[in-house]
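This report walks through a single protein chain for a reader who has not met it before. Please keep the sequence and the structure in view while reading.

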Amino acid sequence: MLLRTRLHLTRKERVDTSKAFVFDHYDAKQQEFLSFVLDHYVDQGVEELDQSKMASLLELKYDTINDAVEELEGIPQIRDLFIGFREYLYAPMVA
C-alpha cells in the first residue's frame with residue numbers, strides 16, 4: 001500500500017479528496033459548519049483554519065456566537081470540532 005500525503009495538493013484538491021473522510025466523523029449540523037469553513041479555506045487560504053478565525057467564521061455562518069453555540073451544542077464542542085477536523089484534512093491518504 002502506497003501512502004501519499006495531502007500536503008502536496010492544492011487546497012481544493014485536499015478538500016475534494018478528504019471531505020467524505022472528514023464528514024464520516026461528524027453529524028449533519030457539524031458537517032454544514034465544516035463545509036462552510038472548508039469553502040473559506042479553499043477561497044482564502046490556510047489562515048482560515050487558525051483558531052483565531054473561529055469566532056468570525058461562526059458569526060459569518062450563524063450571525064451570533066450564541067446562535068452557533070445553540071446550533072452546535074456548546075463552546076467546547078465547537079472548539080473540538082474546529083480543531084479536530086484538521087486531523088482528517090491533513091491525514092495521509094492511501095493511493
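In this predicted model, helices α2 and α5 are roughly perpendicular to each other, because the angle between them is about 70° and angles from 65 to 115 degrees are counted in that class. Helix α2 covers residues 28–44 and helix α5 covers residues 75–89, and their axes lie 11 Å apart where the two helices pack. The crossing that α2 and α5 form is right-handed. On the side of α2, the contact is made by Q30, F33, L34, V37, L38 and Y41, while α5 contributes L81, F82, F85 and L89. When the residues of this contact are divided by character, 9 are nonpolar, 1 is polar and none is charged.

Helix α2 also holds Q44, which is exposed because its relative accessible area of 52% is over the 50% cut-off. Although Q44 and R11 are 33 residues apart along the chain, their C-alpha atoms are separated by 9.7 Å.

**The protein as a whole**

Taken together, the protein has 5 helices and 2 strands, and along the sequence these elements follow the pattern β-α-α-α-α-α-β. Of the 95 residues in the protein, 36% are buried. Among the contacts between residues at least 6 apart in sequence, 68% join residues that are at least 24 apart. The accessible surface of the protein comes to about 5900 Å², and carbon and sulfur atoms account for 51% of that surface.

**Two loop residues with positive phi**

Most residues other than glycine have a negative phi. Which sign does phi take in D63, a residue other than glycine? The phi of D63 is positive, with a value near 80°, and D63 lies in the loop between α3, which covers 54–62, and α4, which covers 65–72. E73, which is not a glycine either, has a positive phi of about 70°, and this residue is placed in the loop between α4 and α5. Both residues can be set beside Q44 according to their exposure, as in the table below.

| Residue | Location | Relative accessible area |
|---|---|---|
| Q44 | helix α2 | 52%, exposed |
| D63 | loop between α3 and α4 | 63%, exposed |
| E73 | loop between α4 and α5 | 58%, exposed |

The loop residue D63 is thus exposed, with a relative accessible area of 63%, and E73 is exposed with a relative accessible area of 58%.

Technical notes
Residues numbered from 1 in each chain as written. Predicted model: local features only at pLDDT ≥ 70, side-chain atom pairs only at ≥ 80, totals over all residues. Heavy atoms only, no water. Axes fitted to C-alpha atoms, helices over the stretch in contact; angles between N-to-C directions. Helix = DSSP H or I, 4+ residues; strand = E, 2+ residues; numbered from the N terminus. Parallel < 35°, antiparallel > 145°, perpendicular 65-115°, else oblique. Left-handed = near helix turned anticlockwise from the far one by under 90°. Contact = heavy atoms within 4.5 Å. Nonpolar A, V, L, I, M, F, W, Y, C, P; charged D, E, K, R; others polar. Buried < 20%, exposed > 50% of the residue type's maximum accessible area, 1.4 Å probe, protein only. Areas by Shrake-Rupley, 256 points an atom, 1.4 Å probe, with all protein chains shown as cover.
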